[in-house]
Amino acid sequence: MARRKYVVGNWKMNGVSASIAEAQAIFAAADGHPAVEVAICPPFTLIGAMVAAARGAPVGGQDCHSAASGAFTGSIAAPMLADIGASLVIVGHSERREGFGESDADVRAKAEAALAAGLSVILCVGEPREVRESGGAIEFVLTQVAGSVPANVDPARFAIAYEPIWAIGTGLVPTIDDVAAMHGAIRRALSSYGAETAQAVRILYGGSVNGENAAELLGVGDVDGALVGGASLTAAKFVPIVEAAAGL
Ligand code: PEP
């Protein structure tokens, strides 16, 4: 089954109103590559303005709470994201797992809340450097998959992003063989959801993707797209990644 390439920008805590022009340039370029689904996840403060500027292109959040509402100062609920026009949300990014102590169970609860609110989900997994160096990366990531992927996933609204923590924002990238081995292992693990689901779920790679390395990374059989941090902040850096995905 052909899986449509998916290239997603994670703006993290970057961007102010003036940055919407950059998103407009990205979405305008993406219009020329309909074979690739291009989304941007800006900070919460920009979602509304970016949805208005995106002319139907997907805009998402970078996190959500697992509750639909309540006394959780500073948090944003999944139905609030949907209400403002977001169509997706990232959950379980390593900067949330590590910096905010989110467990696999927390991530699963957030993913379930997002799916219940009608959002698509990108669920992140990835190992720290010492685990990669000790040879335990696949086991570590498959434990995260088993613990954080919800019991029911619709591949039309659910993707996994494999992001080795040591590759995020560092310029370091795993070998192509290591990326292929990890993505293949994740897909095999998804077979517990049924063969059709396992084949249809998109598995993105994330970690220092740029215009130079995107074609090689996205050319790996089980790599269905990219989650991009730093290189998604400007059209000049992000569009070449979209073009690489379109050229495959
Ligand atoms: C990310 O944090 O999701 C990410 C992949 O960052 P970068 O592309 O900057 O490594």
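1. **K12 and its loop.** K12 sits in the loop that joins β1 (5–10) to α1 (20–30). This is a predicted model, and K12 is a good place to enter it. The phi angle of K12 is positive, about 50°, although K12 is not a glycine. Most residues other than glycine have a negative phi. How exposed is K12? Its relative accessibility is 22%, so K12 counts as partly exposed; the cut-off for buried is under 20%.

2. **K12 at the ligand.** K12 also faces the ligand. One of its polar side-chain atoms lies 2.5 Å from a ligand oxygen atom. Taken alone, the ligand exposes 290 Å². The protein buries 95% of that area.

3. **The shell around the ligand.** Which residues come nearest to the ligand? There are 15 residues around it, and K12, H93, E163, G169 and S208 come nearest. By type, the shell divides into 4 nonpolar, 8 polar and 3 charged residues. G169 makes its approach through the backbone: an N or O atom there lies 2.7 Å from an oxygen atom of the ligand.

4. **H93.** H93 belongs to the loop between β4 (88–91) and α4 (94–99). A polar side-chain atom of H93 lies 2.8 Å from an oxygen atom of the ligand. Buried or exposed? H93 counts as buried, because its relative accessibility is 5% and the limit is under 20%. Leaving aside neighbours within four places in sequence, H93 is in contact with N10, K12, C124, E163 and I168. Two of these partners, K12 and E163, appear again among the residues that come nearest to the ligand.

5. **N213 and S208.** N213 lies in the loop between β7 (202–206) and α10 (214–218). Its relative accessible area is 16%, so N213 is buried. What does the side chain of N213 reach? It reaches the backbone oxygen of S208, at 2.9 Å. S208 is one of the residues that come nearest to the ligand. Beyond four places in sequence, N213 is in contact with V173 and S208.

6. **V107.** Now to a helix. V107 is found in α5 (residues 104–116). Its relative accessible area is 0%, and V107 is therefore buried. Outside its neighbours within four places in sequence, V107 is in contact with V91, G92, R97, E102, L123 and S148. I90 is 17 residues away from V107 in sequence. In space, their C-alpha atoms are 10.0 Å apart.

7. **E133.** E133 is in helix α6 (residues 129–133). E133 counts as exposed because its relative accessibility is 60%; exposed means over 50%. How far apart are the C-alpha atoms of E133 and R97? They are separated by 20 Å, with the two positions 36 residues apart along the chain. R97 is also one of the contacts of V107.

8. **R55.** R55 is found in the loop between α2 (44–54) and β3 (60–61). Its phi is positive, about 50°, and R55 is not a glycine. Its relative accessibility is 64%, so R55 counts as exposed. Set that beside K12: the phi of K12 is also positive at about 50°, but K12 counts as partly exposed.

9. **The fold in numbers.** How many helices and strands does the protein chain have? The secondary structure comes to 11 helices and 8 strands. Contacts reach far along the sequence. Among contacts with a separation of 6 or more, 72% are between residues 24 or more positions apart. Of the 248 residues, 52% count as buried. H93, with 5% relative accessibility, counts as buried, and so does V107, with 0%.

10. **Overall shape.** The C-alpha trace spans about 45 × 45 × 35 Å along its principal axes. Why does the chain agree with a compact globule? With 248 residues, such a globule would have a radius of gyration near 18 Å, and the protein chain has 17 Å.

11. **The surface.** The protein chain exposes about 10,300 Å². Carbon and sulfur atoms supply 54% of that area. E133, with 60% relative accessibility, counts as exposed. R55, with 64%, counts as exposed too.

Notes: Residues are numbered from 1 along each chain as its sequence is written. This is a predicted model: local features need pLDDT of at least 70, side-chain atom pairs count only at pLDDT 80 or more; totals for chains, interfaces and linings use all residues. Side-chain values use heavy atoms; hydrogens and water are left out. A residue is near a molecule or strand if one of its heavy atoms lies within 4 Å of it. A polar contact is a pair of N or O atoms within 3.5 Å; within protein, one must be able to donate a hydrogen and the other to accept it, and residues adjacent in sequence count only if both atoms are side-chain atoms. Accessible areas come from the Shrake-Rupley method with a 1.4 Å probe; for residues, only the protein chains shown count as cover. Ala, Val, Leu, Ile, Met, Phe, Trp, Tyr, Cys and Pro count as nonpolar, Asp, Glu, Lys and Arg as charged, and the others, Gly among them, as polar. Helices (H or I, at least four residues) and strands (E, at least two) are DSSP runs, numbered from the N terminus. The radius of gyration is taken over C-alpha atoms; the globule rule is 2.2 Å times the number of residues to the power 0.38. Buried means under 20% relative accessible area, exposed over 50%, partly exposed in between (1.4 Å probe, protein chains only). Contact means heavy atoms within 4.5 Å.
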